[in-house]
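Reader: I'm new to this and would like to talk through some charged pairs. Could you show me the structure to begin with?

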Amino acid sequence: MDTVRSQSPLDRFLSQAQHALETVFGNPPATRPNPAGETAEVELRPDERRHAAGLMRINHVGEICAQALYVGQAAVARDPATRAHLMEAAQEETDHLAWCADRLRELDDRPSLFNPLWYAGSYAIGVAAGLRGDGWNLGFVVETERQVEAHLEEHLQTLPEADLRSREILRKMKEDEARHADNAEMAGARVLPQPIPSVMALASKLMKTVAYRI
């Protein structure tokens, strides 16, 4: 009879280390088609291209952080259902990561040079959030996704009008983030008390300022 081998702590460490390396240095494939699809590429002015690339670099960093957060939270989640919810959301964030990377290449630009730092910091935050318990774990998901949803809306307002390909990607990402937050709320998320949401917003602002340029 077949038996399922449980993972040892070393197995889990190696698996998560491999995930980190693939996320930061690899090119994780999307499981869903790129929302830009057949949307025509339009020639952008140099300043428009730089601005669009800066915004997409921010969103690429956001997806690096989301991967690390969810994997860190799942690593210490007590309830298998919570762990499954986190890893399902992480898979959709992998799609977002791939779409943003594709768009950066189309814009002849690159990801943030600080991606290893963003990943490490976000993983640590995810573990810390998960150790508080599954209700707080899911509450952290809700607050994260609501803040991401808000900054995606801001980017949709400031993208060059002609950049329809980036716009289609961000619209689909925003839809997914809202659904992740809704699902976490339905699964029993607790509302995070202040100053946690404000500190998260401040950290996000710092990340966006740096990632836009570097």
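Author: Sure! This is a predicted model, where local features need pLDDT of at least 70, side-chain atom pairs count only at pLDDT 80 or more, and totals for chains, interfaces and linings use all residues. Residues are numbered from 1 along each chain as its sequence is written, and side-chain values use heavy atoms, with hydrogens and water left out.

Reader: Is arginine 32 buried, partly exposed or exposed?

Author: Buried means under 20% relative accessible area, exposed means over 50%, and partly exposed is in between (1.4 Å probe, protein chains only). Arginine 32 has a relative accessible area of 22%, so the label is partly exposed.

Reader: Which residue forms a salt bridge with arginine 32?

Author: A salt bridge is a side-chain nitrogen of Lys or Arg within 4 Å of a carboxyl oxygen of Asp or Glu. Here the closest N and O atoms are 2.8 Å apart, and the partner of arginine 32 is aspartate 176.

Reader: How many residues apart in sequence are the parts that this pair ties together?

Author: Helices are DSSP runs (H or I, at least four residues), numbered from the N terminus. Arginine 32 sits in the loop between helix H1 (9-25) and helix H2 (46-76), while aspartate 176 is in helix H6 (residues 164-186), so the parts they tie together are apart by 144 residues.

Reader: And how far apart are the closest N and O atoms of lysine 172 and aspartate 176?

Author: These two are four residues apart in helix H6, so about one helical turn separates them. They form a salt bridge, with the closest N and O atoms apart by 3.6 Å.
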